[in-house]
Amino acid sequence: MNRSPAILSRRKFVLTPFLLLVAGCGFRLRGTADVPFQTLYLPGATSGIALDLKRNIQAGTRARVVEDPKEADAILQFTEETRQKEILSLTGAGRVREFQLRYRVGFRVHDGKGGDYVPQSTIELTRDVTFNDAEILAKEAEEQLLFRDMQSDMVQQILRRLAGAKPPKPRE
């Protein structure tokens, strides 16, 4: 396909202001996150959020996940992981109309010598869900999908906390 130079230069002219506008607002494509450690030990990274976090750290940072805590610059410990379902409202007949899903994760990132990259932190995500007795199977599947989505969101929030972490101060 042969395009004239005039058409190509018009496209460049249109793209340049767009790119300047996008760059000026602080927009950045997702790339590698800068974390203040080279190696991380993540105990129990064989399933659940730990496995998702391990994959995201390996793919989205320059840090390596190691199997031995002695080799690690940082150790990420999960102190809590809970999933809850709470009723928000009932119908006039006393049946559930709406409920709330809660996903709560507590964690700490330390150097193994008493210094904290990220002190004990807790993140809680919630989603409100309507309920209908006639669609029980569909609502159960929706609940599982929402929890999976919340887990992905949680991993991204933890990665942002890791990217904002500062190296621990040396102990005297």
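Buried here means under 20% relative accessible area. By that yardstick, 31% of the 172 residues of this protein count as buried. The model is a predicted one. It has three helices and five strands, and going along the sequence you meet them in the pattern α-β-α-β-β-β-β-α. Among contacts between residues at least 6 apart in sequence, 68% join residues at least 24 apart.

**How α2 and α3 pack**

- Helix α2 covers residues 48-60 and helix α3 covers residues 136-163; they pack at an angle of about 50°, with axes 10 Å apart.
- The two helices are therefore oblique to each other, since an angle counts as roughly parallel under 35 degrees and as roughly perpendicular from 65 to 115.
- The crossing of α2 and α3 is right-handed.
- On the α2 side, the contact uses Gly48, Ile49, Asp52, Leu53, Asn56 and Ile57.
- On the α3 side, the partners are Gln151, Met154, Val155, Gln156, Ile158, Leu159 and Leu162.
- Sort the residues of this contact by type and you get eight nonpolar, four polar and one charged.

**Helix α2 by itself**

- At 1.5 Å a residue, the 13 residues of α2 should span 18 Å, and the end C-alpha atoms are 18 Å apart, so the two values agree.
- Its buried residues are Ile49, Ala50, Leu51, Leu53, Lys54, Ile57 and Gly60.
- Those buried residues pack against four strands, β1 (39-41), β2 (64-66), β3 (74-90) and β4 (96-110), as well as against α3.

**Helix α3 by itself**

- The same check works for α3: its 28 residues should span 40 Å at 1.5 Å a residue, and the end C-alpha atoms are 41 Å apart, which agrees.
- The buried set in α3 is Lys139, Glu143, Leu146, Phe147, Met150, Gln151, Met154, Val155, Ile158, Leu159 and Leu162.
- These buried α3 residues pack against α2, β3, β4 and β5 (116-130).

**Val35, in a loop**

- Val35 sits in the loop between α1 (5-24) and β1.
- Its relative accessibility is 16%, so Val35 counts as buried, the cut-off being under 20%.
- Leave out the neighbours within four places in sequence, and Val35 is in contact with Thr61, Ala63, Leu162 and Ala163.
- Val35 and Leu162 are 127 residues apart in sequence, yet their C-alpha atoms are 5.9 Å apart in space.
- Leu162 also turns up in the contact of α3 with α2, and it is one of the buried residues of α3.

**Glu80, in a strand**

- Glu80 lies in strand β3.
- With a relative accessible area of 26%, Glu80 is partly exposed, because that class lies between under 20% (buried) and over 50% (exposed).
- Setting aside neighbours within four places in sequence, Glu80 is in contact with Arg104, Val105, Gly106 and Thr122.
- Between the C-alpha atoms of Glu80 and Phe107 there are 6.9 Å, with 27 residues separating the pair along the chain.

**Pro167, after the last helix**

- Pro167 belongs to the segment after α3.
- Beyond its neighbours within four places in sequence, Pro167 is in contact with Pro36 and Tyr117.
- Pro167 and Ala74 are 93 residues apart along the chain, and their C-alpha atoms are separated by 9.4 Å.

Terms used:
Residues numbered from 1 in each chain as written. Predicted model: local features only at pLDDT ≥ 70, side-chain atom pairs only at ≥ 80, totals over all residues. Heavy atoms only, no water. Axes fitted to C-alpha atoms, helices over the stretch in contact; angles between N-to-C directions. Parallel < 35°, antiparallel > 145°, perpendicular 65-115°, else oblique. Left-handed = near helix turned anticlockwise from the far one by under 90°. Contact = heavy atoms within 4.5 Å. Nonpolar A, V, L, I, M, F, W, Y, C, P; charged D, E, K, R; others polar. Expected span 1.5 Å × (residues − 1). Buried < 20%, exposed > 50% of the residue type's maximum accessible area, 1.4 Å probe, protein only.
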